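Please walk through one helix and then a group of aromatic rings in the structure shown here.

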Amino acid sequence: MSPFVIMSASLGYATESIFGFGGSIVTFLLLSQNLPAKEAVSLLPVFAIAGSLFITLSDYKSVLWKVTGKAMLFIMPGVIIGSLFIGYVPERIFKFFVLAIILIYGVNLVTGREPVIPDRWKKPLYFFGGFIIGATSIGVFLIPVIGPEFGGQRSYRASFGLLWLVSAATRIPLYMANGILSSEGVQSAMIAVPFLLVAILIGYYIHRLIPEAHYKRYVGLAIILTSCANLVTIFL
């Protein structure tokens, strides 16, 4: 399984390094081709610890620390509750739910439609987005809510890196406590980390070459195609 995990994590976090988001989504879509959805989700925070730390440190001066810290006050309680909730959902329903929300998010990226979130809804949506991260290791609901607060491409990428790092460090012990993540899973994921870091370094240089106006559409198209392929496998 290790070569498959290495390839999936490397491609996923090269995407994360290039665009500032999408690493967990792409990695999950690849891993779930051969692994149960819950097992695939359980590996994501292990990758995120290494990948997000590298991304944050590589451009830490661009992190919007105050904005990110305030948002975490509402996001992290949701992450904790979602991480405990994941064990109660049947596997097939869980996979369908994750793929459906990823597909919707991919369509949103391709169309370029940015939802307008009233200020009064942001804190409740921070909590809800944190819950989705805890339950699925996917930040698709949180990205359009907090993303506009992060400004330009570099601060967007670096600030999300910090957010994913803290949430991943929280999810790992909770996933292990509820039996979703095993010690064998952690070991398998750790084998992929050196390859993942090389992929992130390559992605960092590619990141500087891609026009900001296009990068979301590229990720969105890849997400749509892979989500559709995964959804088909559920019903075969």
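Helix H6, which covers residues 119–136 (helices being DSSP runs of H or I with at least four residues, numbered from the N terminus), has 18 residues and reaches 26 Å from its first C-alpha to its last, close to the 26 Å expected at 1.5 Å a residue, where the expected span is 1.5 Å times one less than the number of residues. This is a predicted model, in which local features need pLDDT of at least 70 and side-chain atom pairs count only at pLDDT 80 or more, while totals for chains, interfaces and linings use all residues. Residues are numbered from 1 along each chain as its sequence is written, and side-chain values use heavy atoms, with hydrogens and water left out.

Centred on Leu125, H6 has a kink of about 30 degrees, the bend at a residue being the angle between axes fitted to the seven residues ending there and the seven starting there. Among the buried residues of H6 are Lys122, Tyr126, Gly129 and Gly130 (buried means under 20% relative accessible area, with a 1.4 Å probe and protein chains only). Just after H6, Ser137 takes a positive phi of about 65 degrees.

Turning to the rings, there are four aromatic pairs, counted where ring centres of Phe, Tyr or Trp (its six-membered ring) lie within 6.5 Å, with planes under 30 degrees apart stacked, over 60 edge-to-face and the rest tilted. Phe150 and Phe160 have ring centres 4.9 Å apart and planes at 90 degrees, so this pair is edge-to-face. Because Phe150 lies in the loop between H7 (143–146) and H8 (153–177) and Phe160 in H8, the pair ties together parts ten residues apart in sequence.

Terms used
Helices (H or I, at least four residues) and strands (E, at least two) are DSSP runs, numbered from the N terminus. Buried means under 20% relative accessible area, exposed over 50%, partly exposed in between (1.4 Å probe, protein chains only).
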